[in-house]
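Me: I have a structure open and would like to talk it through piece by piece. Could you help me read it?

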Amino acid sequence: MMIFDLKNVNAPSFVQPLKRQENKSMNRKKLIVVGSSGKGGTGKTTISVNLAILFKELGHSVVLCDFDTPYGDVASMLQVSDDRNLSTWLQLPPDLPSNIIDNLLIDTKQGLKVLPSIKTADEEKYVNNEMLAKKIIKNLMEYDVVIIDAAPKFDFLTEEAFMQATDVLMVSDPNLISLNNIYRGIKHVQNKKMDIRKFSLIVNKVHKKLGKNYELYRRMTSLDNIYEIPFESKIQDWQNVGILPATDKKGSKMTKFLTEIADDLYPTIQGSQKGWGIFKWKKA
């Protein structure tokens with residue numbers, strides 16, 4: 001009987017990844033889309049929520065938008081109402097004054113503005129359209145940082161968010177099937193003529209020693225900009241009782257590594273001291 005071992009896997013050799021474009025401007029608006037490809041349970045929404053909190057704590061105005069239809073979890077994770085959600089925007093004009101935008105969003109105790117996903121699954125056929133995505137993104141860009149928790153599929157909302165994003169974070173676990181799904185997703189966005197230089201890979205829930213599998217991740221996904229986040233054994237227990245690492249467990253591994261990612265995406269004076277960068281790579 002053959003024993004499955006990562007060392008025995010002949011990972012496909014893909015085209016040379018393009019170098020990611022860098023922009024270190026302190027004044028640039030950020031649209032950060034967090035996505036995955038075809039698999040739940042990678043920690044995509046957990047990363048989206050906690051990144052949003054960390055950006056807020058770094059002094060940015062932040063809105064977190066849930067494009068994961070029909071079953072988005074952002075409102076549940078933050079324990080807020082979803083009475084104002086994506087469907088609320090269907091009949092709105094394309095340009096809205098700031099006070100109206102604020103009133104359309106949900107306030108959280110962490111100081112975030114949130115636009116939840118839909119309340120019922122049958123609303124998806126109405127909200128899943130390119131024009132609604134354009135309208136929402138255009139109006140939310142008055143904030144410093146907009147984070148979109150995208151669906152693990154390529155619907156109209158997700159594709160439009162990817163098109164407009166300044167940064168896309170594709171979340172996987174270390175499983176080879178998950179990494180292969182990321183590659184399939186990257187091939188899809190390339191076929192859509194999107195610029196993969198703004199795409200990064202976050203490998204979440206890494207059990208083994210960090211920093212050992214960069215070339216495997218790179219060959220499996222064709223992405224060049226790669227972060228790892230170590231496995232956090234208590235994350236499920238925390239979520240079940242409403243504990244968020246970014247606010248309640250600042251000493252946790254997840255918080256430390258997400259802080260590094262946040263600072264790398266949008267450098268700030270207070271976050272300029274690197275301490276965890278050995279587990280994040282950019283090809284020279």
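Me: What share of the residues in the chain count as buried?
Reply: This is a predicted model, and in it 54% of the 284 residues of the chain count as buried.

Me: And how much surface does the chain expose?
Reply: The chain exposes about 13,300 Å², and carbon and sulfur atoms supply 53% of that area.

Me: How many helices and strands are there?
Reply: The secondary structure of the chain comes to 11 helices and 9 strands.

Me: What part of the contacts with a separation of 6 or more comes from residues 24 or more positions apart?
Reply: Residues that lie 24 or more positions apart account for 78% of the contacts in the chain, when one counts those with a separation of 6 or more.

Me: Let me switch to one residue. Where does T46 lie?
Reply: T46 lies in helix α1, which covers residues 44-57.

Me: Is T46 buried or exposed, and why?
Reply: T46 counts as buried because its relative accessibility is 8%, and the cut-off for buried is under 20%.

Me: Which residues does T46 touch, if I leave out those up to four places away in sequence?
Reply: With those left out, T46 touches M77, I235, Q239 and M254.

Me: Now the helices. How do the axes of α5 and α6 cross?
Reply: The axes of helix α5 (residues 130-140) and helix α6 (residues 156-164) come within 8 Å and cross at roughly 45°, and α5 and α6 are therefore oblique to each other. In addition, α5 passes α6 in a right-handed crossing.

Me: Which residues meet there?
Reply: From α5 there are E130, A133, K134 and I137, and they meet F156, L157, E160, A161 and Q164 in α6. The residues of this contact of α5 with α6 divide into 5 nonpolar, 1 polar and 3 charged.

Me: What about the axes of α7 and α8?
Reply: Helix α7 (residues 176-191) and helix α8 (residues 214-221) have axes that come within 7 Å and cross at roughly 45°, which makes α7 oblique to α8.

Me: And which residues of α7 and α8 meet?
Reply: L176, L179, N180, I182, Y183 and I186 in α7 meet L216, Y217, M220 and T221 in α8.

Me: How do the residues of that contact of α7 with α8 divide?
Reply: They divide into 8 nonpolar and 2 polar, with no charged residues in the contact of α7 with α8.

Definitions and conventions: Residues numbered from 1 in each chain as written. Predicted model: local features only at pLDDT ≥ 70, side-chain atom pairs only at ≥ 80, totals over all residues. Heavy atoms only, no water. Helix = DSSP H or I, 4+ residues; strand = E, 2+ residues; numbered from the N terminus. Buried < 20%, exposed > 50% of the residue type's maximum accessible area, 1.4 Å probe, protein only. Contact = heavy atoms within 4.5 Å. Axes fitted to C-alpha atoms, helices over the stretch in contact; angles between N-to-C directions. Parallel < 35°, antiparallel > 145°, perpendicular 65-115°, else oblique. Left-handed = near helix turned anticlockwise from the far one by under 90°. Nonpolar A, V, L, I, M, F, W, Y, C, P; charged D, E, K, R; others polar. Areas by Shrake-Rupley, 256 points an atom, 1.4 Å probe, with all protein chains shown as cover.
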